[in-house]
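Got your viewer open? Let's walk through this chain one selection at a time.

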Amino acid sequence: MSQSIEAFVEIAKSYCELIEGHADYSNEEFLARVREILPLLYYQALGLVEPECTDVNLERDVTHEQWQELFENLEEKLGLRSIYWEIYDPITSGPGDPVAGSIADDLADIWRDLKNGLLNWDEDSAPIRQEIIWQWHFSFHNHWSSHLVDTLRVIDRLFEHDKFCDDIP
């Protein structure tokens with residue numbers, strides 16, 4: 001296994017542990033840790049070289065109910081801080097309509113895409129690992145990289161504008 005894959009697996013594990021352990025932190029401490037790990041996760045994901053797709057069929061191990069429970073817990077923890085507004089497609093010509101985003105949804109979606117692979121990672125099978133890497137590469141470039149960048153921007157704004165005052169639930 002290459003060093004870049006090993007590094008990605010380690011940061012993915014750390015991310016999932018942080019998200020799963022969110023209740024152990026205050027809101028500010030949790031988001032500070034998320035703010036630190038997201039750029040590392042993005043960097044390591046960029047280093048994943050796309051392997052050839054295999055004919056291995058991996059089932060999703062994270063159920064929608066598990067994702068929903070995590071999302072709701074994160075949403076409850078973050079309260080109004082979770083919601084943000086953005087222009088959905090910033091590279092279209094002309095102004096777009098703003099849409100609501102959710103830090104809780106972003107973090108839970110990233111978690112699900114990483115966790116599915118991690119749950120199968122310990123299989124000592126080259127084809128299974130190759131399929132997991134392919135899925136991580138695909139889901140990063142087609143799904144969760146946007147969630148990561150969007151939520152990192154919002155979390156950064158929260159810290160830079162001291163939005164952790166007590167009047168925000």
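## The whole chain

Read from start to end, the chain runs α-α-α-β-β-α-α. That is five helices and two strands, where helices (H or I, at least four residues) and strands (E, at least two) are DSSP runs numbered from the N terminus. Before you click further: this is a predicted model, in which local features need pLDDT of at least 70 and side-chain atom pairs count only at pLDDT 80 or more, while totals for chains, interfaces and linings use all residues. Residues are numbered from 1 along each chain as its sequence is written, and side-chain values use heavy atoms, with hydrogens and water left out.

Color by burial if you can. Of the 169 residues, 44% count as buried; buried means under 20% relative accessible area, exposed over 50%, and partly exposed in between (1.4 Å probe, protein chains only). Among contacts in the chain with a separation of 6 or more, 77% are between residues 24 or more positions apart. A contact here means heavy atoms within 4.5 Å.

## Stop 1: H1 against H2

Select residues 3–20 for helix H1, then add H2; their axes come within 9 Å and cross at roughly 155°. Those axes are lines fitted to C-alpha atoms, for helices over the stretch in contact, and angles run from 0 to 180 degrees between N-to-C directions. H1 and H2 are therefore roughly antiparallel. The cut-offs: angles under 35 degrees count as roughly parallel, over 145 as roughly antiparallel, 65 to 115 as roughly perpendicular, and the rest as oblique.

The crossing of H1 and H2 is left-handed, that is, the near helix is turned anticlockwise from the far one by less than a right angle (clockwise would be right-handed). Show side chains, and you'll find H1 residues including Phe-8, Ile-11, Tyr-15 and Leu-18 meeting H2 residues including Val-34, Ile-37, Leu-38 and Leu-41. By class, this H1–H2 contact has 14 nonpolar residues, three polar and one charged. Nonpolar covers Ala, Val, Leu, Ile, Met, Phe, Trp, Tyr, Cys and Pro; charged covers Asp, Glu, Lys and Arg; the others, Gly among them, are polar.

## Stop 2: H2 against H5

Keep H2 (residues 27–46) and add H5 (residues 126–160): the axes come within 10 Å and cross at roughly 145°. This crossing is left-handed. On the H2 side, look for Leu-31, Arg-35, Leu-38 and Tyr-42, among others; on the H5 side, Phe-140, Trp-144, Leu-148 and Phe-159 are among the partners. The contact of H2 with H5 splits into 17 nonpolar, two polar and four charged residues.

## Stop 3: H2 against H4

Swap H5 for H4 (residues 103–121). The axes of H2 and H4 come within 13 Å and cross at roughly 50°, which makes H2 oblique to H4. The crossing of H2 and H4 is left-handed. Phe-30, Leu-31, Val-34, Leu-38 and Leu-41 from H2 meet Ile-103, Leu-107, Ile-110 and Leu-114 from H4. Sorted by class, the H2–H4 contact has nine nonpolar residues, no polar and no charged.

## Stop 4: the core

Which residues of the largest nonpolar core touch the most other members? Pick Tyr-15 and Leu-114, out of a core of 45 residues. Such a core is a set of buried Ala, Val, Leu, Ile, Met, Phe, Trp, Tyr and Cys residues joined through side-chain atoms within 4.5 Å. H1, H2, H3, H4 and H5 each supply at least two of its residues, and the largest share, 11 residues, comes from H5.

Zoom in on Tyr-15. Setting aside residues up to four places away in sequence, Tyr-15 touches Ile-37, Leu-38, Leu-41, Leu-107, Ile-110, Trp-111 and Leu-114.

## Stop 5: three single residues

Select Asp-109 in H4. Asp-109 counts as buried, at 7% relative accessibility. Beyond its neighbours within four places in sequence, Asp-109 is in contact with Trp-67, His-143 and His-147.

Next, Lys-115, found in H4. Is Lys-115 buried or exposed? At 19% relative accessibility, Lys-115 counts as buried. Its contacts, leaving aside neighbours within four places in sequence, are Cys-16, Glu-20 and Val-62.

Finish at Leu-48, in the loop between H2 and H3 (64–78). Leu-48 is buried, with a relative accessible area of 4%. Leaving aside neighbours within four places in sequence, Leu-48 is in contact with Ile-5, Phe-8, Ile-133, Trp-136 and His-137. Draw a C-alpha to C-alpha distance from Leu-48 to Trp-134: 8.7 Å in space, with their positions 86 residues apart in sequence.
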